[in-house]
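Here is a quick walk through a two-chain model, with the sheets up front and the confidence numbers further down. Have the structure open while you read.

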Amino acid sequence: MSKIIKISGLNKDYSGKKVVDGLDLEVEKGELFGFLGPNGAGKTTTIRILTTLTKPSSGQVLINGIDVAKDPANVKSEFGIVQQHLSLNRDLTIAENLELHARLHHLSQKDRKERIAELLDYVELSDHADYLIDDVSGGMKRRAMIARALIHRPKLLFLDEPTVGLDAQTRRRVWDLIRKMNCDGATVFLTTHYIEEAEALCRRVGIIHHGKLIALGTPIDLRQKLGMIAVEMQTNGNGTKYEYFPDRAKAAEFIQGQPGAEKVVMRESNLEDVFIELTGQKVLGDLR
Amino acid sequence: MIAQDAYNILWADLAALKRRWLRYLTTTLISPLLYLVAFGWGLGRGINLNGTSYLEFVVPGIIALTAMTTSFNGAGTRLNVDRLYFKSFDECLMAPIKLHSLLLGKALIGVVRGVFSSVAFLVLAMLIAPTIHVGPMFLLGLFLTCLTFSFLGVLAALLAKSHEDMGTFSSIILLPMTFLGGTFFSLSQVPVGLKYALYLLPLTHASLWLRAAALNQSLPWMSFLVLLVFFVAFIGGSMIAVRKMSI
């Protein structure tokens, strides 16, 4: 498989503070890649560099073989993006938002009309095409943003926290849409706060912390490195402790040696365990 | 392609404006009509300036003022909101269009709104001051005024770090210009030192040009040239500002 994203030695600093620190990363064509990190880890800055919105301090980024810094105009046709915040034009209807994006990507009038109808159907918004943005729900807005990102048939999709602020049901619906886009051939680069989202969707994940890539692999690989079995122990006044073991036998042996524990839970480890062990942080905030 | 891309940027605003043009027009005409009533009919009744009634004198000034405020706000305030609040400006920056097309499109939004409001006011003003002459030179001046202040709005919006910055800019730059830019009084009536200071304001030159064109007087080409210089400077400033924003 060829690489659609190739990042080498990427650095970005603001007033001397390193936000992205020597990042090396490759994403293959057709992959659904998860980019995880605590708040302020450098995820959004990395995406902003990849999507031509921020200049890197040093390093190289190639999107589908095109150097982002040297040829931003051509790179812009290669990707679509769903930003973390609502970035639709609120003076326009859903269909007009798609039309604007199609115009900016130089689709012909005939192609625009067909593509808008096709995408509204794809994200199940055909019945709401003529609604103003402020008149539809958060989930519909998010789906409209996804449709907009797809309008010019990009090879690569950046989804920056695509389900933030959505209820559980809508989130599942967006997940289905992300899987569908990936099955239809788009490479997806996803950042998310929701670890279960990355676990449910991504074949491979990278974890960034203080601007550095500290882990990279499939969710199973990362869990195996940590230990497939987790033991949670609640002890008097000391909070909950976590231990990880390669198998249940070793975990059971450990539990037998802990008679003082108030409550002990043995379970399969998950990506969130990996994340917390590596970063020392919950996804939404610092525990320390 | 540059013109097409700029039009595509403008297209979005035209679609929105089409939906609520009446509300927009009503809102933007309130201030100039109040100025017209207060200064033209109220204070200025019976005043004669260089052989012209004050009403005829003040109407072109109010048109210049309307062109300035509606163009500046049409381009600048909207861009500021798109950039800092809705974040939809990022979507434009990520589109495969040249930055100068993007800026031109954003400025044309102000031009359309400025011309629309100014012409609407002009139509109303001509009912009470029918001697106003609207010829090609007047329209050319009006267009250049709208274009100049639209790009000033774009520049201010690109430099602003918050919505308050736009308000501050309006208070410090636009508000003094509103009253000092040769709109309501003749520059021949002010002390020499102040007069030279007022010649540094782009609105002064817009007022001088529009007034001369509207009253069929000899055209102040130097004012047209100065307005052009401001226009080019604002374009240049906007280009530098937008280049700093993206790769």
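## Two sheets in chain A

Strand E1 (residues 3-14) of chain A and E2(A) run antiparallel and are joined by eight bridges. Before going further: this is a predicted model, where local features need pLDDT of at least 70, side-chain atom pairs count only at pLDDT 80 or more, and totals for chains, interfaces and linings use all residues. Residues are numbered from 1 along each chain as its sequence is written, while chains are lettered from A and ligands numbered from 1 in the order in which they are written.

A word on terms. Helices (H or I, at least four residues) and strands (E, at least two) are DSSP runs, numbered from the N terminus, and two strands pair if DSSP finds at least two bridges between them.

Back to E1(A) and E2(A): A:Ile7 sits opposite A:Leu25 in E2(A). Both strands belong to an open sheet of four, in the order E2-E1-E4-E5 (chain A), with antiparallel pairing. Strand E2 (17-28) and strand E5 (66-67) of chain A are the edges; each has a single partner strand, so one side of each has no neighbour in the sheet.

Further along the chain, there is an open sheet of three strands, ordered E12-E11-E13 (chain A), and the pairing here is antiparallel. Its edges are strand E12 (239-245) and strand E13 (263-268) of chain A, each of which pairs on one side only. On average, neighbouring strands of this sheet are turned by 20° against each other, direction ignored (axes are lines fitted to C-alpha atoms, for helices over the stretch in contact, and angles run from 0 to 180 degrees between N-to-C directions).

What joins E11(A) to E12(A)? Seven bridges do, with the strands running antiparallel. A:Ile229 stands across from A:Phe245 in E12(A). The two strands make a hairpin with three residues between them, and A:Gly237 in the turn has a positive phi of about 70°. On the E13(A) side, strand E11 (residues 229-235) of chain A is joined by six bridges, again antiparallel, and A:Glu232 has A:Val265 as its bridge partner in E13(A).

## Positive phi outside glycine

Most residues other than glycine have a negative phi, and most peptide bonds are trans. Two loop residues are worth a look in that light. The burial classes go by neighbour count: a residue is buried if 20 or more other C-beta atoms lie within 10 Å of its own, exposed if 12 or fewer, and partly exposed in between, with C-beta atoms placed from the backbone.

| Residue | Phi | Loop | C-beta neighbours inside 10 Å |
|---|---|---|---|
| A:Thr52 | near 70° | between helix H1 (43-50) and strand E4 (58-63) of chain A | 23, buried |
| B:Lys87 | near 60° | between helix H3 (54-85) and helix H4 (88-93) of chain B | 16, partly exposed |

## Chain B and the contact

Chain B has 10 helices and two strands, and from the N terminus on its elements run α-α-β-β-α-α-α-α-α-α-α-α. Its C-alpha trace spans about 55 × 40 × 35 Å along the principal axes. How does its radius of gyration sit with a compact globule of 247 residues? The globule would have one near 18 Å, and chain B has 18 Å, which agrees (taken over C-alpha atoms, the globule rule being 2.2 Å times the number of residues to the power 0.38). Of those 247 residues, 49% count as buried.

Two residues are in contact if their C-beta atoms, placed from the backbone, lie within 7 Å. Among contacts in chain B between residues at least 6 apart in sequence, 81% join residues at least 24 apart.

Where the chains meet, the contact takes 24 residues from chain A and 18 residues from chain B. Helix H2 (72-75) and helix H3 (94-104) of chain A each supply at least two residues to the chain A side. H3(A) gives the most to that side, with four residues.

## How sure is the predictor?

pLDDT is the predictor's confidence in each residue, from 0 to 100. Chain A averages 90, with 97% of the residues scoring at least 70; for chain B the mean is 93, and 100% of its residues reach 70 or more. Within chain A, confidence is highest in H3(A), at 97, and lowest in strand E15 (residues 285-286), at a mean of 38. Over residues 283-288 of chain A, pLDDT stays under 50, and the model has 10 contacts beyond four places in sequence for them. The model scores ipTM 0.88 and pTM 0.87.
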